[in-house]
Amino acid sequence: MASIQNSLENLLTADGALCAAVVDSASGMMLGAIGSGVDLEVAAAGNTEVVRAKLKTMRALGLNDAIEDILITLGKQYHLLRPMAQKEGVFIYFVLDKSKSNLALARRKLQDVEKEMAF
């Protein structure tokens, strides 16, 4: 099992990786962060609202399922949000340069890192 910081360092080895954070979705506060390119404190708080809204919508629809990840595609960046299966209320936020990254490989790396992260 890897620490939060080691896990975030591992994420930044992906092609095109800019920054990443582990976020408590109850408070919007970061539990760990690495990299640059985005104000991670603002992004953590804002993306907490994205995760909450999706969970609320799923409940309203009666969907008995879990979010694997949420992808936000911008003109120049990918933003991935992945709720942690082993730690309810925590998600990983991962930002990539769209022109330098492979989305499929980045999603796979995020999945692998999430499985290895210790809490």
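## Strand β5 and F94

A strand is here a DSSP run of E of at least two residues, and strands are numbered from the N terminus. In this predicted model, F94 has its place in strand β5, which covers residues 90–97. F94 has a relative accessible area of 0% and is therefore buried, since the term applies under 20% relative accessible area.

When neighbours within four places in sequence are left aside, F94 is in contact with L11, A14, A17, C19, A20, Y78, H79, L80, A106 and L110. The distance from F94 to I34 is 9.8 Å between C-alpha atoms, although the two residues are separated by 60 residues in sequence.

## Strand β3 and I72

I72 belongs to strand β3, and with a relative accessibility of 27% it counts as partly exposed. Not counting residues up to four places away in sequence, I72 touches N47, Q77, Y78, H79 and L81. Y78 and H79, two of these partners of I72, are also among the residues in contact with F94.

Between I72 and V95 there are 9.6 Å from C-alpha to C-alpha, with a separation of 23 residues in sequence.

## Packing of helices α1 and α3

Helix α1, made up of residues 4–11, packs with α3 at an angle of about 165°, and the axes of the two helices are 10 Å apart. Angles over 145 degrees count as roughly antiparallel, and α1 and α3 are therefore described as roughly antiparallel to each other. The crossing of α1 and α3 is right-handed.

On the α1 side the meeting residues are S7, N10 and L11, and on the α3 side they are K109, L110 and V113. By kind, the residues of this contact divide into 3 nonpolar, 2 polar and 1 charged. L11 and L110, which take part in the meeting of α1 and α3, also appear among the contacts of F94.

## S7 and V113 in the helix contact

S7 lies in helix α1 and counts as buried, at 3% relative accessibility. Apart from its neighbours within four places in sequence, S7 is in contact with A2, V113 and M117.

V113, whose place is in helix α3, likewise counts as buried, with a relative accessibility of 4%. The contacts of V113, again leaving aside neighbours within four places in sequence, are S7, N10 and L11, and these three residues are the ones listed for α1 where that helix meets α3. V113 and R59, by contrast, are 28 Å apart in space, C-alpha to C-alpha, and 54 residues apart in sequence.

## Salt bridges involving helix α3

The structure holds 4 salt bridges, and three of them are described here one by one. In one of these, the side chains of R107 and D69 meet at 2.9 Å, N to O. This pair links distant parts of the chain, with R107 in helix α3 (residues 103–116) and D69 in the loop between α2 and β3 (70–73), 38 residues apart. R107 is partly exposed, with a relative accessible area of 35%, whereas D69, at 18% relative accessibility, counts as buried. The cut-off matters for D69, because buried means under 20% relative accessible area.

In another salt bridge, R82 pairs with E114, and the closest N and O atoms are 3.3 Å apart. R82 lies in strand β4 (residues 77–83) and E114 in helix α3, so this pair ties together parts that are 32 residues apart in sequence. R82 and E114 are both buried.

R108 also forms a salt bridge, with D112 as its partner and with the closest N and O atoms 3.4 Å apart. In this case R108 and D112 both lie in helix α3, with a spacing of 4 residues, about one turn of the helix. D112 counts as partly exposed, at 34% relative accessibility.

## L55 in helix α2

L55 is a residue of helix α2, which runs over residues 40–60. With a relative accessible area of 35%, L55 is partly exposed. L55 and F119 are 22 Å apart in space, C-alpha to C-alpha, and 64 residues apart in sequence.

How values were computed: Residues are numbered from 1 along each chain as its sequence is written. This is a predicted model: local features need pLDDT of at least 70, side-chain atom pairs count only at pLDDT 80 or more; totals for chains, interfaces and linings use all residues. Side-chain values use heavy atoms; hydrogens and water are left out. Buried means under 20% relative accessible area, exposed over 50%, partly exposed in between (1.4 Å probe, protein chains only). Axes are lines fitted to C-alpha atoms, for helices over the stretch in contact, and angles run from 0 to 180 degrees between N-to-C directions. Angles under 35 degrees count as roughly parallel, over 145 as roughly antiparallel, 65 to 115 as roughly perpendicular and the rest as oblique. A crossing is left-handed if the near helix is turned anticlockwise from the far one by less than a right angle, and right-handed if clockwise. Contact means heavy atoms within 4.5 Å. Ala, Val, Leu, Ile, Met, Phe, Trp, Tyr, Cys and Pro count as nonpolar, Asp, Glu, Lys and Arg as charged, and the others, Gly among them, as polar.
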